[in-house]
Amino acid sequence: MIQLEHITQTYTDPSGNTFQALKDVSLEIEDGEIFGIIGRSGAGKSTLVRCINLLNRPSEGRVIVNEHDLTALPESELREVRRSIGMIFQHFNLLSSRTVYQNVALPLELVGTPKDVIDKKIRPLIELVGLTEHVDKYPSQLSGGQKQRVGIARALANDPKVLLSDEATSALDPETTVATLALLQKINRELGVTIVLITHEMNVVKQICNRVAVMNKGEIVERGNVIDIFARP
Ligand code: ADP
Ligand code: ADP
């Protein structure tokens with residue numbers, strides 16, 4: 001379980017003015033769910049989700065993942081934690097000079113995994129995301145949906161229990177969005193990965209999320225089951 005307790009994030013600009021991107025936000029996410037965080041641009045969604053892997057260190061509050069207080073850990077131990085939490089992005093963040101195979105292999109290479117172990121690990125992942133026939137292509141040779149599939153496979157390379165998705169479908173057309181969300185759903189179901197998904201699109205939340213939090217101006221203004229919050233047709 002992920003517990004965000006009384007998270008406040010204060011930013012100070014060069015002239016010393018402070019701005020509160022998050023104001024005393026608390027949130028619990030259960031193992032195995034697909035949790036949506038929806039809200040307008042600037043609402044604080046990214047800042048909040050980046051607290052889960054401590055890419056953002058909150059100014060105040062605690063981040064507890066599986067009973068471990070991450071906010072109490074030194075930076076050296078956080079690297080281990082970050083590795084156990086996968087992340088995917090709106091603009092995919094792939095390395096353009098590396099093939100599909102090499103992009104997916106990267107997280108394992110970085111920790112010195114032997115090549116044969118890497119190969120055994122990532123071939124099934126590349127298969128899972130449906131890119132086996134594109135394994136030697138470069139990102140520039142792929143469609144947006146295919147690039148995001150590379151991002152998803154790479155995020156799974158370290159067997160994460162949690163996958164953070166920051167507007168991962170926002171750069172994709174509606175049809176590709178539906179297919180990408182179906183893939184995330186399959187990963188949640190078959191691998192048991194908890195997914196925390198940021199979006200500004202109601203349809204994304206309606207397609208795959210169990211529960212949702214609505215953010216506005218650094219606060220959660222509503223939360224609950226998707227069915228209860230957004231009346232379905
Ligand atoms: P969202 O993901 O909902 O679009 P963000 O979490 O990215 O919102 O940003 C929330 C607010 O915090 C925005 O007003 C943004 O400009 C501000 N912000 C985000 N990161 C920083 C930063 N590193 N320094 C200063 N302000 C920031
Ligand atoms: P770098 O030098 O940037 O690490 P390499 O070209 O050495 O990149 O590739 C990294 C590793 O991945 C190498 O061991 C390479 O043999 C292996 N590799 C790359 N593409 C494939 C592929 N399609 N099938 C099997 N192994 C591959």
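## Pockets, ligands and a cavity

The largest pocket has a volume of about 520 Å³. A pocket here is an open set of points on a 1 Å grid over the protein atoms alone, with protein on both sides within 12 Å along at least five of seven lines, and its lining residues have an atom within 4 Å of a point. Volumes are the space filled by probe spheres set on the points, which are joined across faces, edges and corners. This is a predicted model, in which local features need pLDDT of at least 70 and side-chain atom pairs count only at pLDDT 80 or more, while totals for chains, interfaces and linings use all residues. Residues are numbered from 1 along each chain as its sequence is written, chains are lettered from A and ligands numbered from 1 in the order in which they are written, and side-chain values use heavy atoms, leaving out hydrogens and water.

**The pockets**

Let us stay with the largest pocket for a moment. It is lined by 18 residues, and those closest to its centre are Arg82, Ile85, Met87, Pro107 and Asn158. Two or more lining residues come from each of helix H2 (75-83), strand S6 (85-89), helix H3 (100-110) and helix H5 (144-155). These elements are DSSP runs numbered from the N terminus, helices being H or I with at least four residues and strands E with at least two. Strand S6 gives the largest share, 4 residues.

By class, the lining of the largest pocket holds 10 nonpolar, 4 polar and 4 charged residues. In this scheme Ala, Val, Leu, Ile, Met, Phe, Trp, Tyr, Cys and Pro are nonpolar, Asp, Glu, Lys and Arg are charged, and the others, Gly among them, are polar.

The second largest pocket offers about 190 Å³ of space. Its lining is made up of Val65, Asn66, His68, Leu70, Leu73, Val81, Ser84, Ile85, Lys161 and Val162. Among these residues, 6 are nonpolar, 3 polar and 1 charged.

**The cavity**

Searching the whole structure turns up 1 cavity of 30 Å³ or more; a cavity is a set of grid points where a 1.4 Å probe fits but cannot get out. Its volume is about 30 Å³. Around this space sit Ser165, Glu167, Ala168, Thr169, Leu181, Leu184, Leu197, Ile198, Thr199 and Val204. Helix H6 (174-191) and strand S8 (194-199) each contribute at least two of the lining residues, with the largest share, 3 residues, coming from S8. The cavity lining divides into 6 nonpolar, 3 polar and 1 charged residues.

**Two ligand sites**

Now to the ligands. A residue belongs to the shell around a ligand if one of its heavy atoms lies within 4 Å of it. For ligand 1, the shell consists of Tyr11, Phe19, Ala21, Arg40, Ser41, Gly42, Ala43, Gly44, Lys45, Ser46 and Thr47. That shell comprises 4 nonpolar, 5 polar and 2 charged residues, and helix H1 gives the largest share of it, 3 residues.

Ligand 2 is surrounded by Arg98, Tyr101, Gln102, Glu109, Lys115, Asp119, Arg123 and Asp136. Helices H3 and H4 (115-128) each supply at least two of them. The class split for this shell is 1 nonpolar, 1 polar and 6 charged.

The table lists polar contacts of the two ligands, a polar contact being a pair of N or O atoms within 3.5 Å.

| Ligand atom | Protein atom | Distance |
|---|---|---|
| Ligand 1, oxygen | Gly42, polar backbone atom | 2.7 Å |
| Ligand 1, oxygen | Ala43, backbone N or O | 3.1 Å |
| Ligand 1, oxygen | Gly44, polar backbone atom | 3.0 Å |
| Ligand 2, oxygen | Arg98, side-chain N or O | 3.2 Å |
| Ligand 2, oxygen | Lys115, polar side-chain atom | 3.0 Å |
| Ligand 2, nitrogen | Asp136, side-chain N or O | 2.5 Å |

Taken alone, ligand 2 exposes 550 Å², of which the protein buries 52%. Accessible areas come from the Shrake-Rupley method with a 1.4 Å probe.

**A salt bridge across the chain**

Side chains of opposite charge can pair when their charged atoms come close. Counting a salt bridge wherever a side-chain nitrogen of Lys or Arg lies within 4 Å of a carboxyl oxygen of Asp or Glu, the model has 10 salt bridges. One of them joins Asp166 and Arg50, whose closest N and O atoms are 3.6 Å apart. This pair links distant parts of the chain, with Asp166 in strand S7 (residues 162-166) and Arg50 in helix H1, 116 residues apart.

Terms used. Polar contact = N/O pair within 3.5 Å; in protein donor to acceptor, adjacent residues only side chain to side chain.
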